[in-house]
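Student: Hi, I've just opened this one and I'm new to it. Can we start with a small spot and work outwards?

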Amino acid sequence: MTSKNISELAKFYKKKRTERIDALEKAGFVGTEEKDLLANHLALSEDVADSMIENQVATYQLPYGLALNFLIDDQDYVVPMAMEEPSVIAAASSAAKLFAQHGGFQTAVTERMMIGQAILTNVPDPEKAIAIIDDYEIDIIQKANQAHPSIVKRGGGADSIRIREIQADPEYNTPHFLIVHLHVETLEAMGANMINTMMEAILPYLEELSGGTALMGILSNYATECLATASCRVPADALAKGELSGEEVRDLIVLASQLATVDPYRAVTHNKGIMNGVDAVVLASGNDWRAMEAGVHAYASRSGQYRALSSWKTADNGDLIGELTLPMPVGTVGGSISFHPGAKMTHHLLDYPNAEQLESIIVSVGLAQNFSAIRALVTEGIQKGHMGLHARSLAISAGATADDIELVAAELKNHKHMNLAQAKEILDHIKQNR
């Protein structure tokens, strides 16, 4: 990564939008061309929008912001996030700043293997079919790679198979299934189209080998062979909040983590907080956030019960240690990444990471967001951090513009009832007294 002058981003949240863009240029994150694109709100052209989906009639915009202070594997990052929910970027940036003072985030990424599934039914002798398919693994892999030779030339491609058998289940009235998993190294791509092509190519051969009937060949979004882990560590005394000592805050965070491990009702909300950060970066980078959500929540249920994705523990020396592992089927090429102005800007701001680096960034943001949410819940409560941004949202909904937004929001926070009617009343009063 090229050197950046991070000090230029000091008090970033206090600057006006144009000043933030200027600061990014001074810090070395954007040049003149990118600065102009940001000034133009990363506008998606009519031609591009119309080519992306069917029956296109407009574009739907989301705010595009930057989470700051991230130190990941000894590299400094500003992380683009596309989302509508208040406080998430501020919370992630706050956590990142704390952890950066104590070594930042360390990450580990498994070998990037995506999974394709070939599903066979009506197999007359499953045990014999499994043995035959296993014997012909090399031929199956070869046929898959022949269907997409370009990935093989670049050093990727189908690598191995795994055979699964699902017995008939009278409770759910389902038949016997024989499923062949094809593990594919997709390199920098998420690889959906690549894998789907390979799976459809090997279906006839698998029918011949098994004597069964092919139901479908398709990518699985449950990317259990493509995992990314982020970890962080902070001394207890750095966690003090109000009247609570650092040790007390640490113990409350650990207890909250334990609760989310055993109570699925809490785990769902706990994991949703993680995905507030994850989805925003996935969306900003032009990747498939629906695939991410589906795979992550399945991973949270891998024990047979839905559980917390992250864990927070006390180290032997009293430090707080956090860890998060997620299936991470993202890419840096393919799909809209090469032509969507927002996605292109994200990859530029991240200094064009490879797929493994992008995985590391995303999982680190998820862990940072999780920390901020838990710490707020067990100390001051989640609402305090939301109220300032909620007041601004009400001011905008009431019709405030420009400087009036902050004036209405500031006055609104002094009222017992923060609602739209009160915001409109304050705005009317401001306009009448000009």
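Student: Where is the place of D73?
Tutor: D73 belongs to the loop between strand 1 (64-72) and strand 2 (75-82). Helices (H or I, at least four residues) and strands (E, at least two) are DSSP runs, numbered from the N terminus. Before we go on: this is a predicted model, where local features need pLDDT of at least 70 and side-chain atom pairs count only at pLDDT 80 or more, while totals for chains, interfaces and linings use all residues. Residues are numbered from 1 along each chain as its sequence is written, and side-chain values use heavy atoms, leaving out hydrogens and water.

Student: Ok. What's the phi of D73?
Tutor: Phi of D73 is near 50 degrees, a positive value in a residue that isn't glycine. Most residues other than glycine have a negative phi. D74 lies in that loop between strand 1 and strand 2 too, and its phi is positive as well, near 70 degrees.

Student: And is D74 buried or exposed?
Tutor: D74 is exposed, with a relative accessible area of 66%. D73 is partly exposed at 34%. The cut-offs: buried means under 20% relative accessible area, exposed means over 50%, and partly exposed is in between (1.4 Å probe, protein chains only).

Student: Let's zoom out. How many helices and strands does the protein have?
Tutor: The secondary structure comes to 16 helices and 10 strands. Of the 434 residues, 47% are buried. The C-alpha atoms fill a box of roughly 85 × 55 × 45 Å along the principal axes.

Student: What domains is it divided into?
Tutor: Domain 1 (6-109 + 227-378), domain 2 (112-220) and domain 3 (384-433); the bounds come from an automatic or database domain assignment. The C-alpha centres of domain 1 and domain 3 are 29 Å apart.

Student: Now the sheets. What's the order of the open sheet with antiparallel pairing that includes strand 5?
Tutor: The order is 5-6-4-7, four strands in all. Two strands pair if DSSP finds at least two bridges between them. Strand 5 (157-166) and strand 7 (213-220) are at the edges, each pairing on one side only. From one strand to the next, the twist averages 20 degrees. Axes here are lines fitted to C-alpha atoms, for helices over the stretch in contact, and angles run from 0 to 180 degrees between N-to-C directions.

Student: How many bridges join strand 5 to strand 6?
Tutor: Nine, with strand 6 covering residues 177-185 and running antiparallel to strand 5. R162 stands opposite H181 in strand 6.

Student: Which strands does helix 8 lie across?
Tutor: Helix 8 (residues 192-210) lies across strand 4 (113-121), strand 5, strand 6 and strand 7, at about 155 degrees to strand 7. Helix 6 (residues 137-146) lies across strand 5 and strand 6, at about 125 degrees to strand 5.

Student: What about the sheet with the order 3-8-10-9: how many strands are in it?
Tutor: Four, in an open sheet with antiparallel pairing. Strand 3 (106-109) and strand 9 (310-314) have a single partner strand each, so one side of each is left without a neighbour in the sheet. Neighbouring strands here are turned by 15 degrees against each other on average, direction ignored. Strand 8 (residues 227-234) pairs with strand 10 (residues 320-327) over eight bridges, in the antiparallel sense. R233 stands opposite I321 in strand 10.

Student: Which residues have the most contacts inside the largest nonpolar core?
Tutor: F70, V79, F105, W312 and F371, in a core of 53 residues. Helix 13 (residues 355-378) gives the most to this core, with nine residues. A nonpolar core is a set of buried Ala, Val, Leu, Ile, Met, Phe, Trp, Tyr and Cys residues joined through side-chain atoms within 4.5 Å. Another core, of 30 residues, lies apart from it and includes L120, I140, A144 and Y205.

Student: One more: where is the place of E359?
Tutor: E359 is in helix 13, and it counts as buried at 0% relative accessibility. Leaving aside neighbours within four places in sequence, E359 is in contact (heavy atoms within 4.5 Å) with residues including V109, R112, C226 and M328.
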